[in-house]
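Reader: I've got a new model open and want a quick tour. Can you walk me through it?
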Amino acid sequence: MSFIEEFQANIEALPNHLRRKYALLRDLDKSLQGVQTQNEQRCDKEIEDMIQRIKAGNVTPDSSLIKFSDDALDEQKHAIRIADEKVALASQAYDLVDAHIQQLDQYLKKFDEDLRRERDTAVVTGAPATTAENNVKSGRSGEGKGGRKKTRLATAAAATATAATPSGMDLDLPVDPNEPTYCFCNQVSYGEMVACDNPNCKIEWFHYGCVGLKEQPKGKWFCADCAGTQKKRKGK
C-alpha cells in the first residue's frame with residue numbers, strides 16, 4: 001500500500017472517530033450541566049438557611065459552622081471531574097486530527113521532493129516535466145508525427161492551480177529560473193499541453209488554455225503560426 005493509499009484509508013475513518021468523541025463530549029456536557037444546576041440549587045438553599053440562622057442568632061457570622069454541606073462539596077468535586085474528562089476528550093480529538101495533518105505534511109513534503117527532482121531532470125534533458133504517474137511521451141520521442149497530438153499532464157499541484165487560474169494569468173508557484181518555457185505565453189510547463197505537428201515548430205508545446213483547447217485534438221494539430229505556414233504551402 002502506497003503512502004497516499006494508507007493516508008486515504010486513515011482519513012476515511014477519522015470522521016467516525018471524531019463523531020464518537022463528540023457524542024461522549026455531549027453526554028458529559030449534559031451530565032455536567034445537571035450536576036451544576038443541582039449544586040447551585042443546593043448551595044442557594046444552604047445560603048438561605050445560613051442567613052435565617054444568623055438572623056435568629058443561632059449562628060454568629062464568623063462561626064466555623066458557616067460552610068457548605070458535604071453533599072454540596074461532593075457535587076462540586078464531581079463537576080470538576082466531569083470537566084476534566086471533557087478536556088481530556090477534547091485533547092484526544094485535537095491530537096487525532098493533528099496526527100493526520102502531520103501525516104499529510106509528510107506526504108506533501110515527499111511529493112514536493114519528487115517534483116523538484118522531476119524539474120531538475122527536465123532542465124537537464126530540456127523536455128517538459130512529467131509526473132511519475134502520468135508520463136505520456138511526445139511524438140518527438142519515437143511515436144511518429146501522428147503521436148505528437150498526444151497531450152502531457154504536468155505536475156498534479158500545477159494542474160490543480162491551472163484549473164482555477166485563467167489562461168495568461170501568472171501562477172503563484174515556485175518556478176526554477178532555469179526551467180524551459182513553452183507556448184505563446186512563454187511560461188513553464190503546467191497543466192495539459194499539446195504539441196504542434198509541425199516538426200520545425202519553434203515553440204512545439206502549448207498550454208490548452210492559450211490555444212483555445214479543452215480536450216485532446218483529433219488528427220494532426222498545428223499552432224496558429226504553423227497553420228498559416230501550412231496554408232501558404234498548400235496555396236503554392
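Author: Let's start with the cysteines. A disulfide is a pair of cysteine sulfur atoms within 2.5 Å. By that cut-off, this predicted model holds zero disulfides.

Reader: Where is the closest cysteine sulfur to that of Cys201, and why is there no bond?
Author: It is in Cys226, 3.7 Å away. That is too far for a bond, because a disulfide needs the two sulfurs within 2.5 Å.

Reader: And Cys210, which cysteine has the closest sulfur there?
Author: Cys183 does, with its sulfur 3.6 Å from that of Cys210. Again, that is too far for a bond. Cys210 itself is partly exposed, at 24% relative accessible area.

Reader: Any annotation on the cysteines? Which residues does UniProt list under "binding site"?
Author: The unreviewed UniProt entry places that feature at Cys196, Cys201, Cys223 and Cys226. They are spread over 31 residues of sequence but cluster in space. The largest C-alpha distance among them is 8.4 Å.

Reader: Where does Cys201 sit in the fold?
Author: Cys201 is in the loop between β4, residues 192-195, and β5, residues 205-207.

Reader: Is Cys201 buried or exposed?
Author: Cys201 counts as buried, with 11% relative accessibility.

Reader: Same two for Cys223. Where is it, and is it buried or exposed?
Author: Cys223 lies in the loop between β5 and α4, the helix at 224-235. Its relative accessible area is 1%, so Cys223 is buried.

Reader: What does Cys223 touch, leaving out residues up to four places away in sequence?
Author: Phe184, Cys196, Cys201 and Phe206. Of these contacts, Cys196 and Cys201 also belong to the UniProt "binding site" feature.

Reader: OK, charges now. How many salt bridges in the whole structure?
Author: Seven. One of them pairs the side chains of Asp29 and Lys86, at 2.7 Å from N to O.

Reader: Which parts does the Asp29 and Lys86 pair tie together?
Author: Asp29 lies in helix α1, residues 3-55, and Lys86 in helix α2, so the bridge ties together parts that are 57 residues apart in sequence. Asp29 is partly exposed at 25% relative accessibility. Lys86 is partly exposed too, at 22%.

Reader: What about Arg42, which residue does its side chain meet in a salt bridge?
Author: Glu75, with a distance of 2.9 Å from N to O. Arg42 lies in helix α1 and Glu75 in helix α2, so this pair ties together parts that are 33 residues apart in sequence.

Reader: Glu75: buried or exposed?
Author: Buried, with 10% relative accessibility. Arg42, on the other side of the bridge, is partly exposed at 27%.

Reader: Any salt bridge inside one helix? How far apart are Lys45 and Asp49 in helix α1?
Author: They are four residues apart, which means a separation of about one helical turn. Their side chains meet in a salt bridge of 3.4 Å, N to O. Lys45 counts as exposed at 55% relative accessibility. Asp49 counts as partly exposed at 35%.

Reader: Which residues do shared partners join into one salt-bridge network?
Author: Arg42, Asp71 and Glu75.

Reader: Switching to Thr121. Which helix is it in?
Author: Helix α2, which covers residues 70-125. Thr121 is partly exposed, at 47% relative accessibility.

Reader: Which backbone oxygen lies 2.9 Å from a polar atom of the Thr121 side chain?
Author: The one of Arg117.

Reader: And how far is Thr121 from Glu179, C-alpha to C-alpha?
Author: 9.9 Å, although they are 58 residues apart along the chain.

Reader: Zoom out. What is the secondary structure overall?
Author: Four helices and five strands. From the N terminus on, the elements run α-α-β-α-β-β-β-β-α.

Reader: How much of the protein counts as buried, and what area does it expose?
Author: Of its 236 residues, 28% count as buried. The protein exposes about 15,800 Å², and carbon and sulfur atoms supply 52% of that area.

Reader: Last one. What share of the contacts with a separation of 6 or more comes from residues 24 or more positions apart?
Author: 59%.

Key:
Residues are numbered from 1 along each chain as its sequence is written. This is a predicted model: local features need pLDDT of at least 70, side-chain atom pairs count only at pLDDT 80 or more; totals for chains, interfaces and linings use all residues. Side-chain values use heavy atoms; hydrogens and water are left out. UniProt positions are given in the numbering used here, feature names are shortened, and annotations may be inferred rather than shown by experiment. Buried means under 20% relative accessible area, exposed over 50%, partly exposed in between (1.4 Å probe, protein chains only). Contact means heavy atoms within 4.5 Å. A polar contact is a pair of N or O atoms within 3.5 Å; within protein, one must be able to donate a hydrogen and the other to accept it, and residues adjacent in sequence count only if both atoms are side-chain atoms. A salt bridge is a side-chain nitrogen of Lys or Arg within 4 Å of a carboxyl oxygen of Asp or Glu. Accessible areas come from the Shrake-Rupley method with a 1.4 Å probe; for residues, only the protein chains shown count as cover.
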